[in-house]
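Student: Hi! I've just opened this one and would love a friendly tour. Can we go through it together?

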Amino acid sequence: MNLSGKVAIVTGASRGLGQSMARTLACAGADLVVTSRKKESLLPFCEGIKKIGRKVLPLKVDVNIQADIKSMLKETISVYGRVDILVNNAGCNIRKPALELTWKEWDRVLDTNLKSTFFCSQAVAPYMIEQRKGKIINMGSASCVFAYPDINAYCASRGGVLQLTKSLAAEWGPFGINVNVIAPGWFRTEQTEVLYRDKEWVKYITERIPLRRTGRMEDLDGTVIFLASDASDYITGQIILVDGGFTTGTTPASSKR
């Protein structure tokens, strides 16, 4: 699962899971293109990547602007001459009861999580088709298969990412392009920080995870390297849940006989 000689684009890499996965890909040998709406937020991370001997190109990209996506690919090809891996990580969430969610908020979540996943994938596909090989990794979540109250737009977007992944896998498979979903369970990130401040909630969730803990950043390392590497060449259109078993529907520890 060596990624030496590969070029990986990771959107939304200024923090959290995106930045962690970008670092993992670099440690496995890939050169990087990392994006954020604020380029300066990427610079400290880029310095660290250079210290491990990998190349890294930081770009200011708003994935809700098609011109930015096209520019991202133009600069990637100009600098590296190829693109082998795309991690569609950029995303957002709005927690609000369904009756209070506005039209604009719905569009923001669906555009960021679903629409951008399609158009970033569309942008890299011609280069991967020419190479007859490519890996597209879409970020989902447990809400690809589970539903939760107060995050209706988010659940809709993640369910859409799963179906989009299957559709693109079917269409681009003949060209050697693998398209898959990584679906993390409960990880402590900027989006979920408000939940983790509630100790009772953390206890409630942890009791429903068979491995009895929430996710750590490094828990995604093996999955992202696997899906980005030649080791997954015969896997496409699939979802890999990295959730400690949460979506198995286990009963709480307190109910064990």
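Student: What pLDDT does the protein chain average?

Tutor: The chain averages a pLDDT of 94, and 96% of the residues score at least 70; pLDDT is the predictor's confidence in each residue, from 0 to 100. This is a predicted model, where local features need pLDDT of at least 70 and side-chain atom pairs count only at pLDDT 80 or more, while totals for chains, interfaces and linings use all residues. Residues are numbered from 1 along each chain as its sequence is written, and side-chain values use heavy atoms, with hydrogens and water left out.

Student: Where is the pLDDT below 50?

Tutor: That is residues 253-257, a stretch with 4 contacts in the model beyond near neighbours in sequence. Contact here means heavy atoms within 4.5 Å. Where pLDDT is low, the predicted coordinates should not be read in detail.

Student: Okay, on to the sheet. What is the order of its strands?

Tutor: The order is β3-β2-β1-β4-β5-β6-β7, an open sheet of 7 strands with parallel pairing. Helices (H or I, at least four residues) and strands (E, at least two) are DSSP runs, numbered from the N terminus. Two strands pair if DSSP finds at least two bridges between them.

Student: Which strands stand at the edges?

Tutor: Those are β3 (56-60) and β7 (239-242); each has a single partner strand, so one side of each is left without a neighbour in the sheet. On average, neighbouring strands of this sheet are turned by 15° against each other, direction ignored. Axes are lines fitted to C-alpha atoms, for helices over the stretch in contact, and angles run from 0 to 180 degrees between N-to-C directions.

Student: How many bridges are there between β6 and β7?

Tutor: There are 4 bridges, in the parallel sense, with β6 covering residues 177-184. Val181 stands opposite Ile239 of β7.

Student: And which strands does helix α2 touch?

Tutor: Helix α2 (residues 43-51) packs on the sheet against β2 (31-36) and β3, and its direction makes about 170° with that of β3. Helix α3 (residues 66-80) also packs on the sheet, touching β1 (7-10), β2 and β3, at about 160° to the direction of β3.

Student: New topic: how many disulfides are there?

Tutor: A search of the whole structure finds 0; a disulfide is a pair of cysteine sulfur atoms within 2.5 Å. For Cys92, the nearest cysteine sulfur is that of Cys155, 13 Å away.

Student: Why is Cys120 without a bond to Cys92?

Tutor: Cys92 holds the closest cysteine sulfur to that of Cys120, but at 14 Å this is too far for a bond.

Student: Is Cys120 buried or exposed?

Tutor: Cys120 is buried, with a relative accessible area of 1%, and Cys92 is buried too, at 8%. Buried means under 20% relative accessible area, exposed over 50%, and partly exposed in between (1.4 Å probe, protein chains only).

Student: What does Thr24 touch?

Tutor: Not counting residues up to four places away in sequence, Thr24 touches Asp221, Val224 and Ile225. Thr24 is found in helix α1 (residues 16-27) and is buried, with a relative accessible area of 8%. A polar atom of the Thr24 side chain lies 3.0 Å from the backbone oxygen of Ser20.

Student: Last one: where is Asp150 found?

Tutor: Asp150 is in the loop between β5 (134-139) and α5 (152-172). Its phi is near 70°, a positive value in a residue other than glycine. Arg212, in the loop between α7 (199-207) and α8 (221-228), has a positive phi as well, near 60°. Asp150 is partly exposed at 38% relative accessible area, and Arg212 counts as partly exposed at 33%.

Conventions. Polar contact = N/O pair within 3.5 Å; in protein donor to acceptor, adjacent residues only side chain to side chain.
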